[in-house]
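I opened this entry to look up how the strands are arranged and how the two chains meet. My notes follow the display.

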Amino acid sequence: MPFISVDQTDLHYSMELCFAGAACHLRTNSSALAGVLEGLSISRGDTVPSGFDMRVLVDDSTDEAAGEPHFRGLHHLVTASFGRSNVFMFDILRRTLTASVSVAIERDGHFWKEKLIPITLGVLGSAMGLVPVHCACLELDGDGLLIAGVSGAGKSTLSVALSEDGFNYVSDDWTYISRRADGIVAHGTSAPVKLLPDAVNHFRGLQGHSLQTSMNGELAYEVDIAKAFGARVERACEPRWLVFLERTQGVGALFTPMSSAEARRYVNSSVERLPPQLYEAVAMREQTIQRVSILPCWHFRYGGTPQFAAKELQEFVVQRRQEVYV
Amino acid sequence: MTQEQCRHPDLLRRFVPTPYVFSICDGPNRLLVESNDLEIALRVRRAGVVHRQSNRAGGMVCKLIRDMAGPVEGSEMTIVSDGPLRVLYLGRGTLLFHDDERSELLGFIARDVKAEELVSSLIPALLDA
(Lines give C-alpha, C1' and ligand atoms only; values in the text may rest on other atoms or scores of the structure.)
Protein backbone atom coordinates (compact mmCIF):
# COMPACT_ATOMS: atom_id res chain seq x y z
CA MET A 1 0.00 0.00 0.00
CA PRO A 2 1.50 3.39 -1.01
CA PHE A 3 1.98 5.71 1.95
CA ILE A 4 2.78 9.25 0.87
CA SER A 5 4.06 11.56 3.55
CA VAL A 6 4.15 15.19 2.51
CA ASP A 7 6.98 15.97 4.88
CA GLN A 8 7.97 19.61 4.68
CA THR A 9 11.65 18.77 5.13
CA ASP A 10 11.54 17.04 1.73
CA LEU A 11 9.95 20.03 0.03
CA HIS A 12 13.07 22.00 -0.74
CA TYR A 13 11.62 24.63 -3.03
CA SER A 14 9.82 27.43 -1.22
CA MET A 15 8.18 30.45 -2.82
CA GLU A 16 5.76 33.28 -2.08
CA LEU A 17 3.07 33.52 -4.75
CA CYS A 18 -0.25 35.32 -5.24
CA PHE A 19 -3.41 34.14 -6.99
CA ALA A 20 -6.48 36.39 -7.35
CA GLY A 21 -5.58 38.44 -4.31
CA ALA A 22 -4.68 35.45 -2.12
CA ALA A 23 -1.09 35.13 -0.94
CA CYS A 24 0.21 31.57 -1.29
CA HIS A 25 3.23 30.07 0.43
CA LEU A 26 4.33 27.21 -1.82
CA ARG A 27 6.57 24.32 -0.79
CA THR A 28 7.37 21.57 -3.22
CA ASN A 29 10.06 19.05 -4.10
CA SER A 30 9.92 20.05 -7.78
CA SER A 31 11.68 23.03 -9.33
CA ALA A 32 9.65 22.49 -12.51
CA LEU A 33 6.36 22.81 -10.63
CA ALA A 34 7.64 25.86 -8.75
CA GLY A 35 8.45 27.42 -12.12
CA VAL A 36 5.00 26.65 -13.53
CA LEU A 37 3.23 28.16 -10.52
CA GLU A 38 5.51 31.17 -10.43
CA GLY A 39 4.50 31.84 -14.03
CA LEU A 40 0.84 31.87 -13.02
CA SER A 41 1.36 34.04 -9.95
CA ILE A 42 0.61 37.74 -10.10
CA SER A 43 2.49 40.54 -8.41
CA ARG A 44 1.02 41.32 -5.02
CA GLY A 45 -1.41 44.19 -5.13
CA ASP A 46 -4.65 44.14 -3.19
CA THR A 47 -4.14 40.91 -1.25
CA VAL A 48 -6.46 39.57 1.43
CA PRO A 49 -4.93 39.53 4.95
CA SER A 50 -4.90 35.71 5.28
CA GLY A 51 -3.15 33.63 2.67
CA PHE A 52 -2.82 29.87 2.31
CA ASP A 53 -0.12 27.22 2.29
CA MET A 54 0.30 24.90 -0.66
CA ARG A 55 2.44 21.78 -0.18
CA VAL A 56 2.89 19.67 -3.28
CA LEU A 57 4.86 16.46 -3.53
CA VAL A 58 5.65 15.34 -7.06
CA ASP A 59 5.80 11.55 -7.20
CA ASP A 60 8.30 10.77 -9.94
CA SER A 61 7.28 7.11 -10.01
CA THR A 62 4.10 7.92 -11.92
CA ASP A 63 3.25 9.87 -15.07
CA GLU A 64 -0.52 9.46 -14.94
CA ALA A 65 -2.31 12.36 -16.66
CA ALA A 66 -5.26 14.10 -15.02
CA GLY A 67 -8.20 11.73 -14.84
CA GLU A 68 -11.88 12.31 -14.21
CA PRO A 69 -12.34 14.74 -11.31
CA HIS A 70 -13.97 13.56 -8.10
CA PHE A 71 -14.78 15.92 -5.23
CA ARG A 72 -16.04 15.26 -1.72
CA GLY A 73 -15.96 17.16 1.57
CA LEU A 74 -16.99 16.93 5.20
CA HIS A 75 -16.62 19.48 7.97
CA HIS A 76 -13.43 21.49 7.24
CA LEU A 77 -11.86 18.95 4.88
CA VAL A 78 -12.28 18.66 1.13
CA THR A 79 -10.59 16.35 -1.33
CA ALA A 80 -10.27 16.47 -5.08
CA SER A 81 -8.78 13.65 -7.11
CA PHE A 82 -7.95 13.51 -10.80
CA GLY A 83 -7.15 9.84 -11.16
CA ARG A 84 -5.33 7.62 -8.68
CA SER A 85 -2.03 9.52 -8.72
CA ASN A 86 -3.24 13.09 -8.51
CA VAL A 87 -4.86 13.80 -5.16
CA PHE A 88 -5.48 17.12 -3.42
CA MET A 89 -6.48 17.58 0.21
CA PHE A 90 -7.84 20.96 1.34
CA ASP A 91 -8.00 21.94 5.01
CA ILE A 92 -10.20 25.01 5.22
CA LEU A 93 -9.60 25.73 8.90
CA ARG A 94 -5.82 25.62 8.57
CA ARG A 95 -5.94 27.15 5.07
CA THR A 96 -3.71 24.51 3.52
CA LEU A 97 -3.63 22.49 0.34
CA THR A 98 -1.64 19.26 0.43
CA ALA A 99 -1.17 17.37 -2.81
CA SER A 100 0.57 14.43 -4.36
CA VAL A 101 0.80 14.60 -8.14
CA SER A 102 2.38 12.77 -11.04
CA VAL A 103 5.17 14.11 -13.24
CA ALA A 104 2.56 14.57 -16.00
CA ILE A 105 0.69 17.06 -13.82
CA GLU A 106 3.88 18.64 -12.54
CA ARG A 107 4.51 20.43 -15.84
CA ASP A 108 0.92 20.82 -17.03
CA GLY A 109 0.44 24.58 -16.76
CA HIS A 110 -3.08 24.34 -18.18
CA PHE A 111 -4.14 22.02 -15.38
CA TRP A 112 -2.92 24.40 -12.68
CA LYS A 113 -4.21 27.52 -14.39
CA GLU A 114 -7.59 26.26 -15.54
CA LYS A 115 -8.46 23.74 -12.88
CA LEU A 116 -6.44 23.65 -9.69
CA ILE A 117 -5.98 27.35 -8.95
CA PRO A 118 -9.68 28.20 -9.46
CA ILE A 119 -10.70 25.13 -7.42
CA THR A 120 -8.33 26.10 -4.61
CA LEU A 121 -9.66 29.65 -4.49
CA GLY A 122 -13.20 28.30 -4.51
CA VAL A 123 -12.57 25.89 -1.63
CA LEU A 124 -10.22 27.93 0.57
CA GLY A 125 -11.39 31.41 -0.45
CA SER A 126 -14.06 31.77 2.20
CA ALA A 127 -11.51 31.18 4.96
CA MET A 128 -9.35 33.96 3.53
CA GLY A 129 -12.05 36.60 3.04
CA LEU A 130 -12.23 35.92 -0.68
CA VAL A 131 -15.76 35.16 -1.88
CA PRO A 132 -16.23 33.35 -5.19
CA VAL A 133 -19.25 34.91 -6.90
CA HIS A 134 -20.82 33.44 -10.03
CA CYS A 135 -20.46 36.49 -12.25
CA ALA A 136 -18.31 37.98 -14.96
CA CYS A 137 -16.31 41.13 -14.36
CA LEU A 138 -15.16 43.78 -16.84
CA GLU A 139 -13.43 47.06 -16.30
CA LEU A 140 -13.61 50.39 -18.07
CA ASP A 141 -11.21 53.18 -17.08
CA GLY A 142 -10.85 51.87 -13.55
CA ASP A 143 -14.52 51.13 -12.92
CA GLY A 144 -15.60 47.51 -12.56
CA LEU A 145 -18.85 46.03 -13.86
CA LEU A 146 -20.07 42.74 -12.39
CA ILE A 147 -22.34 40.79 -14.74
CA ALA A 148 -24.37 38.12 -13.00
CA GLY A 149 -26.95 35.71 -14.34
CA VAL A 150 -27.91 32.08 -14.35
CA SER A 151 -26.00 29.65 -16.57
CA GLY A 152 -26.96 30.28 -20.20
CA ALA A 153 -27.90 33.95 -19.66
CA GLY A 154 -24.93 34.99 -21.79
CA LYS A 155 -22.30 36.19 -19.30
CA SER A 156 -19.39 34.78 -21.27
CA THR A 157 -20.50 35.86 -24.74
CA LEU A 158 -21.26 39.33 -23.42
CA SER A 159 -17.85 39.44 -21.72
CA VAL A 160 -16.13 38.68 -25.02
CA ALA A 161 -18.27 41.22 -26.89
CA LEU A 162 -17.51 43.90 -24.28
CA SER A 163 -13.80 43.02 -24.43
CA GLU A 164 -13.91 43.59 -28.19
CA ASP A 165 -15.61 46.91 -27.53
CA GLY A 166 -13.15 48.66 -25.24
CA PHE A 167 -13.64 47.01 -21.86
CA ASN A 168 -10.81 45.22 -20.08
CA TYR A 169 -11.53 41.62 -19.15
CA VAL A 170 -11.21 40.38 -15.57
CA SER A 171 -13.30 37.18 -15.56
CA ASP A 172 -16.24 35.60 -17.36
CA ASP A 173 -17.67 33.02 -14.97
CA TRP A 174 -16.28 33.20 -11.41
CA THR A 175 -15.04 36.39 -9.83
CA TYR A 176 -13.35 36.45 -6.43
CA ILE A 177 -14.42 39.37 -4.26
CA SER A 178 -12.47 40.66 -1.28
CA ARG A 179 -13.17 43.51 1.13
CA ARG A 180 -10.93 46.38 1.97
CA ALA A 181 -11.46 49.38 4.21
CA ASP A 182 -13.11 51.55 1.58
CA GLY A 183 -14.93 49.03 -0.57
CA ILE A 184 -14.48 45.77 -2.42
CA VAL A 185 -12.06 44.41 -4.98
CA ALA A 186 -12.91 41.94 -7.75
CA HIS A 187 -10.18 39.52 -8.76
CA GLY A 188 -9.88 37.23 -11.79
CA THR A 189 -7.72 34.16 -12.22
CA SER A 190 -6.93 34.30 -15.95
CA ALA A 191 -8.91 31.10 -16.34
CA PRO A 192 -9.97 30.57 -19.95
CA VAL A 193 -13.24 32.01 -21.16
CA LYS A 194 -15.83 29.28 -21.72
CA LEU A 195 -18.18 29.69 -24.67
CA LEU A 196 -20.98 27.37 -25.71
CA PRO A 197 -20.90 25.89 -29.25
CA ASP A 198 -23.28 28.46 -30.79
CA ALA A 199 -20.86 31.28 -29.89
CA VAL A 200 -18.95 30.50 -33.08
CA ASN A 201 -21.82 32.21 -34.93
CA HIS A 202 -20.96 35.51 -33.21
CA PHE A 203 -17.17 35.47 -32.87
CA ARG A 204 -14.84 34.84 -35.78
CA GLY A 205 -11.99 34.50 -33.30
CA LEU A 206 -13.34 31.06 -32.39
CA GLN A 207 -12.78 29.66 -35.86
CA GLY A 208 -9.90 27.23 -35.71
CA HIS A 209 -10.59 26.37 -32.07
CA SER A 210 -12.17 23.04 -31.20
CA LEU A 211 -14.84 22.16 -28.68
CA GLN A 212 -13.74 20.48 -25.44
CA THR A 213 -15.56 18.75 -22.62
CA SER A 214 -15.32 21.08 -19.64
CA MET A 215 -15.18 20.04 -15.97
CA ASN A 216 -18.98 20.11 -15.60
CA GLY A 217 -19.37 17.86 -18.65
CA GLU A 218 -20.53 20.61 -21.02
CA LEU A 219 -19.17 20.78 -24.53
CA ALA A 220 -17.65 24.25 -24.93
CA TYR A 221 -14.87 26.34 -26.37
CA GLU A 222 -12.33 27.12 -23.65
CA VAL A 223 -9.97 29.76 -24.96
CA ASP A 224 -7.48 32.30 -23.74
CA ILE A 225 -9.37 35.54 -24.32
CA ALA A 226 -6.22 37.57 -24.88
CA LYS A 227 -4.91 35.21 -27.56
CA ALA A 228 -8.21 34.42 -29.26
CA PHE A 229 -9.75 37.90 -29.23
CA GLY A 230 -6.89 40.25 -28.45
CA ALA A 231 -8.61 41.35 -25.26
CA ARG A 232 -6.78 43.34 -22.59
CA VAL A 233 -6.80 41.44 -19.31
CA GLU A 234 -6.88 43.11 -15.90
CA ARG A 235 -6.16 41.04 -12.79
CA ALA A 236 -8.37 43.08 -10.47
CA CYS A 237 -10.63 46.12 -10.31
CA GLU A 238 -13.01 47.92 -8.02
CA PRO A 239 -16.62 47.05 -8.89
CA ARG A 240 -19.06 49.99 -9.24
CA TRP A 241 -22.16 48.26 -10.58
CA LEU A 242 -23.85 44.89 -10.64
CA VAL A 243 -25.98 43.91 -13.62
CA PHE A 244 -28.17 40.82 -13.59
CA LEU A 245 -28.65 39.41 -17.09
CA GLU A 246 -31.83 37.85 -18.40
CA ARG A 247 -32.36 36.78 -21.98
CA THR A 248 -35.68 37.57 -23.64
CA GLN A 249 -37.29 36.63 -26.96
CA GLY A 250 -36.89 39.17 -29.73
CA VAL A 251 -34.40 41.98 -30.08
CA GLY A 252 -34.39 44.67 -27.43
CA ALA A 253 -32.79 45.88 -24.22
CA LEU A 254 -34.36 47.05 -20.98
CA PHE A 255 -32.66 48.13 -17.75
CA THR A 256 -34.68 48.19 -14.54
CA PRO A 257 -33.41 48.81 -11.00
CA MET A 258 -32.86 45.78 -8.83
CA SER A 259 -33.16 45.85 -5.06
CA SER A 260 -30.15 45.09 -2.89
CA ALA A 261 -32.20 42.32 -1.23
CA GLU A 262 -32.61 40.64 -4.60
CA ALA A 263 -28.92 41.09 -5.41
CA ARG A 264 -28.04 39.60 -2.06
CA ARG A 265 -30.26 36.58 -2.73
CA TYR A 266 -28.51 36.00 -6.03
CA VAL A 267 -25.01 36.21 -4.59
CA ASN A 268 -26.03 34.00 -1.69
CA SER A 269 -27.39 31.45 -4.14
CA SER A 270 -24.11 31.24 -6.02
CA VAL A 271 -21.92 30.60 -3.00
CA GLU A 272 -21.59 27.17 -1.55
CA ARG A 273 -23.33 26.29 1.67
CA LEU A 274 -20.70 25.83 4.37
CA PRO A 275 -20.88 23.49 7.36
CA PRO A 276 -21.25 24.83 10.92
CA GLN A 277 -17.59 24.07 11.68
CA LEU A 278 -16.69 26.99 9.40
CA TYR A 279 -18.77 29.63 11.19
CA GLU A 280 -16.00 32.24 11.07
CA ALA A 281 -15.68 31.86 7.32
CA VAL A 282 -19.46 32.12 6.98
CA ALA A 283 -19.50 35.37 8.99
CA MET A 284 -16.64 36.85 6.97
CA ARG A 285 -18.33 35.87 3.74
CA GLU A 286 -21.60 37.47 4.84
CA GLN A 287 -19.87 40.82 5.28
CA THR A 288 -18.44 40.67 1.78
CA ILE A 289 -21.78 39.64 0.27
CA GLN A 290 -23.39 42.57 2.06
CA ARG A 291 -20.89 44.93 0.41
CA VAL A 292 -21.55 43.43 -3.03
CA SER A 293 -25.31 43.69 -2.63
CA ILE A 294 -25.23 47.42 -1.86
CA LEU A 295 -23.63 48.20 -5.21
CA PRO A 296 -26.03 49.95 -7.61
CA CYS A 297 -27.83 46.98 -9.24
CA TRP A 298 -29.94 46.57 -12.36
CA HIS A 299 -31.75 43.87 -14.26
CA PHE A 300 -30.67 43.85 -17.88
CA ARG A 301 -33.21 42.03 -20.03
CA TYR A 302 -32.05 41.69 -23.58
CA GLY A 303 -32.57 39.82 -26.82
CA GLY A 304 -30.31 39.87 -29.86
CA THR A 305 -26.64 39.30 -30.50
CA PRO A 306 -23.91 39.66 -27.86
CA GLN A 307 -22.57 42.60 -29.83
CA PHE A 308 -25.96 44.35 -29.62
CA ALA A 309 -26.14 43.72 -25.87
CA ALA A 310 -22.58 44.96 -25.43
CA LYS A 311 -23.39 48.26 -27.18
CA GLU A 312 -26.43 48.75 -24.95
CA LEU A 313 -24.46 47.94 -21.84
CA GLN A 314 -21.59 50.21 -22.82
CA GLU A 315 -23.99 53.15 -23.30
CA PHE A 316 -25.60 52.35 -19.98
CA VAL A 317 -22.23 52.37 -18.19
CA VAL A 318 -21.24 55.67 -19.81
CA GLN A 319 -24.51 57.22 -18.58
CA ARG A 320 -24.01 55.84 -15.07
CA ARG A 321 -20.50 57.27 -14.91
CA GLN A 322 -21.79 60.69 -15.95
CA GLU A 323 -24.32 60.49 -13.14
CA VAL A 324 -21.55 59.76 -10.68
CA TYR A 325 -19.16 62.47 -11.78
CA VAL A 326 -21.52 65.38 -12.68
CA MET B 1 -35.62 35.31 -8.73
CA THR B 2 -37.00 31.81 -8.46
CA GLN B 3 -36.59 29.42 -5.57
CA GLU B 4 -34.52 27.20 -7.88
CA GLN B 5 -32.01 30.01 -8.47
CA CYS B 6 -31.66 30.54 -4.70
CA ARG B 7 -30.96 26.88 -3.97
CA HIS B 8 -27.50 26.21 -2.56
CA PRO B 9 -25.64 23.49 -4.38
CA ASP B 10 -24.12 20.67 -2.32
CA LEU B 11 -21.45 19.71 -4.79
CA LEU B 12 -19.25 18.03 -2.19
CA ARG B 13 -22.13 16.11 -0.55
CA ARG B 14 -21.37 17.69 2.81
CA PHE B 15 -25.00 17.83 3.80
CA VAL B 16 -26.14 14.26 3.26
CA PRO B 17 -28.46 13.60 6.22
CA THR B 18 -26.98 11.22 8.81
CA PRO B 19 -29.98 9.97 10.80
CA TYR B 20 -28.08 7.16 12.55
CA VAL B 21 -26.30 8.75 15.49
CA PHE B 22 -24.73 6.91 18.41
CA SER B 23 -22.92 8.40 21.34
CA ILE B 24 -20.81 6.34 23.73
CA CYS B 25 -19.34 7.79 26.89
CA ASP B 26 -16.43 6.22 28.72
CA GLY B 27 -15.39 8.45 31.58
CA PRO B 28 -14.29 11.81 30.12
CA ASN B 29 -14.15 10.33 26.61
CA ARG B 30 -17.00 10.38 24.20
CA LEU B 31 -17.32 8.69 20.83
CA LEU B 32 -19.91 10.16 18.50
CA VAL B 33 -20.79 8.14 15.40
CA GLU B 34 -22.95 9.61 12.64
CA SER B 35 -23.89 7.87 9.41
CA ASN B 36 -26.57 7.57 6.77
CA ASP B 37 -26.06 3.79 6.86
CA LEU B 38 -27.23 1.86 9.90
CA GLU B 39 -24.80 -1.02 9.42
CA ILE B 40 -21.83 1.34 9.22
CA ALA B 41 -22.97 3.23 12.32
CA LEU B 42 -23.48 0.05 14.33
CA ARG B 43 -20.19 -1.55 13.31
CA VAL B 44 -18.15 1.56 14.00
CA ARG B 45 -19.83 1.95 17.37
CA ARG B 46 -18.91 -1.60 18.29
CA ALA B 47 -15.39 -1.46 16.89
CA GLY B 48 -12.63 -1.21 19.44
CA VAL B 49 -10.36 0.28 16.82
CA VAL B 50 -12.14 3.59 16.91
CA HIS B 51 -12.76 3.47 20.64
CA ARG B 52 -9.04 2.96 21.13
CA GLN B 53 -8.38 6.32 19.49
CA SER B 54 -10.76 8.14 21.79
CA ASN B 55 -8.47 7.87 24.76
CA ARG B 56 -7.98 11.61 25.00
CA ALA B 57 -10.29 13.98 26.81
CA GLY B 58 -13.10 15.01 24.50
CA GLY B 59 -13.17 11.75 22.58
CA MET B 60 -13.72 11.43 18.89
CA VAL B 61 -16.25 12.28 16.19
CA CYS B 62 -16.86 9.85 13.32
CA LYS B 63 -19.01 10.89 10.41
CA LEU B 64 -19.19 8.30 7.64
CA ILE B 65 -21.35 8.61 4.56
CA ARG B 66 -22.38 5.65 2.42
CA ASP B 67 -21.82 7.29 -0.97
CA MET B 68 -24.28 5.77 -3.40
CA ALA B 69 -23.62 8.48 -6.01
CA GLY B 70 -19.84 8.15 -6.17
CA PRO B 71 -17.70 6.02 -8.48
CA VAL B 72 -16.79 2.43 -7.57
CA GLU B 73 -13.74 1.98 -9.77
CA GLY B 74 -10.43 0.65 -8.50
CA SER B 75 -9.27 -1.16 -5.39
CA GLU B 76 -5.82 0.27 -4.76
CA MET B 77 -5.31 1.88 -1.38
CA THR B 78 -3.21 5.02 -0.92
CA ILE B 79 -2.66 7.09 2.21
CA VAL B 80 -1.52 10.70 2.04
CA SER B 81 -0.30 12.30 5.24
CA ASP B 82 0.56 15.89 6.14
CA GLY B 83 1.05 16.79 9.81
CA PRO B 84 -2.13 16.02 11.75
CA LEU B 85 -4.07 15.10 8.60
CA ARG B 86 -4.28 11.79 6.84
CA VAL B 87 -6.45 10.73 3.93
CA LEU B 88 -6.98 7.18 2.79
CA TYR B 89 -8.16 6.61 -0.77
CA LEU B 90 -9.52 3.24 -1.85
CA GLY B 91 -10.07 3.25 -5.59
CA ARG B 92 -11.83 6.42 -6.68
CA GLY B 93 -14.94 6.25 -4.55
CA THR B 94 -13.88 5.60 -0.96
CA LEU B 95 -11.99 8.13 1.10
CA LEU B 96 -11.42 8.54 4.79
CA PHE B 97 -10.03 11.63 6.52
CA HIS B 98 -8.43 11.57 9.94
CA ASP B 99 -7.68 14.86 11.67
CA ASP B 100 -5.64 13.86 14.69
CA GLU B 101 -5.65 17.30 16.33
CA ARG B 102 -9.41 17.64 16.12
CA SER B 103 -10.07 13.93 16.77
CA GLU B 104 -12.29 13.60 13.74
CA LEU B 105 -12.68 10.61 11.46
CA LEU B 106 -14.71 11.53 8.39
CA GLY B 107 -15.36 9.77 5.15
CA PHE B 108 -17.30 8.58 2.15
CA ILE B 109 -17.67 4.85 1.60
CA ALA B 110 -18.35 3.59 -1.93
CA ARG B 111 -21.33 1.31 -2.35
CA ASP B 112 -19.16 -1.74 -3.11
CA VAL B 113 -17.21 -1.52 0.17
CA LYS B 114 -18.69 -3.58 2.98
CA ALA B 115 -19.08 -2.13 6.47
CA GLU B 116 -17.04 -5.06 7.77
CA GLU B 117 -14.10 -4.14 5.49
CA LEU B 118 -14.36 -0.53 6.60
CA VAL B 119 -14.08 -1.41 10.27
CA SER B 120 -11.64 -4.30 10.11
CA SER B 121 -9.32 -3.02 7.40
CA LEU B 122 -9.68 0.58 6.23
CA ILE B 123 -10.08 2.43 9.52
CA PRO B 124 -7.19 0.55 11.19
CA ALA B 125 -4.99 1.17 8.12
CA LEU B 126 -5.67 4.89 8.38
CA LEU B 127 -5.31 5.25 12.14
CA ASP B 128 -2.26 3.02 12.46
CA ALA B 129 -0.39 4.21 9.37
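I count two strands as paired if DSSP finds at least two bridges between them. I also note that this is a predicted model.

**The sheet in chain A**

I looked up the strand order first. Seven strands of chain A form an open sheet, running β2-β3-β4-β8-β7-β6-β5. The pairing is mixed. Which strands lie at the edges? They are β2 (13-19) and β5 (69-74) of chain A, and each pairs on one side only. From one strand to the next, I find a twist that averages 15°.

Then I took one pair inside chain A. Strands β3 (residues 22-28) and β4 (residues 52-59) of chain A run parallel, with five bridges. Here C24(A) stands opposite F52(A) in β4(A).

Next I checked what packs on this sheet. Helix α1 (residues 31-40) of chain A does, touching β2, β3 and β4 of chain A. The helix direction makes about 20° with that of β2(A).

**Where the chains meet**

How many residues does each chain give to the contact? I find 34 residues from chain B and 31 residues from chain A. On the side of chain B, the elements giving two or more residues are α1 (3-6), β4 (77-82), β5 (85-90), β6 (94-99) and β7 (104-110). The largest share, six residues, comes from β4(B). I sorted the residues on this side of chain B: 19 are nonpolar, five polar and ten charged.

Last, I followed β4(B) across to the other chain. Strand β1 (residues 3-5) of chain A pairs with β4(B) in the parallel sense over three bridges. I4(A) has V80(B) as its bridge partner there.

Methods. Residues are numbered from 1 along each chain as its sequence is written. Chains are lettered from A and ligands numbered from 1 in the order in which they are written. This is a predicted model: local features need pLDDT of at least 70, side-chain atom pairs count only at pLDDT 80 or more; totals for chains, interfaces and linings use all residues. Helices (H or I, at least four residues) and strands (E, at least two) are DSSP runs, numbered from the N terminus. Axes are lines fitted to C-alpha atoms, for helices over the stretch in contact, and angles run from 0 to 180 degrees between N-to-C directions. Two residues are in contact if their C-beta atoms, placed from the backbone, lie within 7 Å. Ala, Val, Leu, Ile, Met, Phe, Trp, Tyr, Cys and Pro count as nonpolar, Asp, Glu, Lys and Arg as charged, and the others, Gly among them, as polar.
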